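Work through these short exercises with the sequence and the model side by side. Try each task before you read its solution.

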Amino acid sequence: MTHTALICGSIAFDKIMQYHGRFADTLLADQLHRVNVSFLVPTLRTEYGGCSVNIAYNLKLLGGEPLIMGTIGQDGGDYLERLGKQGIATRGIRTIPDAYTAQCFVTADQDNNQINAFHPGAMQFSHENSVAEQGALRVAIISPDGRDGMIKHAADCAELGLPFMFDPGQQLPMFSGEELIRFIGQASYLACNDYEFEMVMDRTGLTQADIAGRLEALVVTRGGEGSDIYAGGEHHRIPAVPAAEVLDPTGCGDAYRAGLLYGIVNGLDWPTSGRIASLLGSIKIARQGAQNHSFTKEEFDQRFEAAFGYAFR
């Protein structure tokens with residue numbers, strides 16, 4: 001089996017807890033310098049997450065063959081088994097025996113305020129993986145991961161001449177302007193949401209035109225307002241697809257990026273790739289969790305044609 005897209009990034013568990021009260025009723029403004037509180041959380045659910053798996057999950061649904069490259073901890077056996085059942089290759093996943101899998105602990109109150117704690121765990125060892133060991137590939141994506149791993153994998157791809165998409169996401173604040181300029185110089189594509197892209201421009205001192213001119217494509221997502229793709233001197237405005245229900249935005253950006261990768265691997269034009277990505281995000285947002293939505297290729301093709309008026313395959 002040929003794995004045409006290498007998905008580098010985090011592998012994580014999300015522990016989501018619901019507090020039935022309000023944080024504001026317990027946290028006293030004049031006592032925040034000495035907080036010692038406990039919240040009763042009657043509900044707890046574990047979701048499978050991590051940017052690399054979220055992207056791979058969506059690409060697999062489209063009919064792609066992703067190869068995940070990431071690190072998982074001593075508690076990752078169930079996750080590996082789940083990926084195997086989904087037909088997603090795990091040979092690029094390294095188990096770190098003396099670490100736990102990266103985990104995000106989310107406590108939400110009845111007003112949807114959140115208190116989060118993130119344990120990076122095995123993710124901190126992602127630099128121990130090597131792109132060169134993964135075989136022949138068409139494209140890669142470097143999504144949020146351990147800082148050292150993101151830097152190393154970008155350098156690996158550049159050395160191998162493997163085109164890649166740089167997706168800094170929530171790890172963007174870890175990088176200086178000089179480091180971001182280096183990433184942009186190595187990458188073929190950059191994908192950010194509008195807030196992240198403003199930060200990229202601020203830190204690098206580069207304009208949108210400067211950045212787009214150094215890449216094959218610059219992609220900026222804007223939530224419900226759609227997205228913009230700047231490629232080959234052209235600007236493609238990609239419409240958002242109305243969702244059946246807006247339930248959980250977790251993983252929508254990862255779903256969108258999977259659509260872009262599918263388009264790149266299959267030689268589709270940017271307007272079509274962006275529309276595939278947009279539809280994927282719309283499907284995902286209607287389900288809780290990042291990897292609980294599903295569809296057949298036939299169902300997706302029908303929804304695409306209904307949304308945009310043409311067939312892409």
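**Exercise 1.** Find the residues that leucine 260 touches, leaving out those up to four places away in sequence.

*Solution.* Contact means heavy atoms within 4.5 Å. Leucine 260 touches Met165, Val219, Ile229, Trp270, Ser273, Gly274 and Ala277. The model is predicted: local features need pLDDT of at least 70, side-chain atom pairs count only at pLDDT 80 or more, and totals for chains, interfaces and linings use all residues. Residues are numbered from 1 along each chain as its sequence is written, and side-chain values use heavy atoms, without hydrogens and water.

**Exercise 2.** Which helix gives the largest share of the largest nonpolar core?

*Solution.* Start with the term. A nonpolar core is a set of buried (under 20% relative accessible area, 1.4 Å probe, protein chains only) Ala, Val, Leu, Ile, Met, Phe, Trp, Tyr and Cys residues joined through side-chain atoms within 4.5 Å. The largest has 47 residues. Leu260 is among the members that touch the most others, including Trp270 and Phe300 in that group. Now the share: helix H8 (residues 252-265) supplies eight residues. Helices are DSSP runs of H or I, at least four residues, numbered from the N terminus.

**Exercise 3.** Is valine 35 buried, partly exposed or exposed?

*Solution.* Locate valine 35 in the loop between helix H1 (23-26) and strand S3 (43-49). Strands are DSSP runs of E, at least two residues. The relative accessible area of valine 35 is 46%. Exposed means over 50%, and partly exposed lies between the two cut-offs. Valine 35 is therefore partly exposed.
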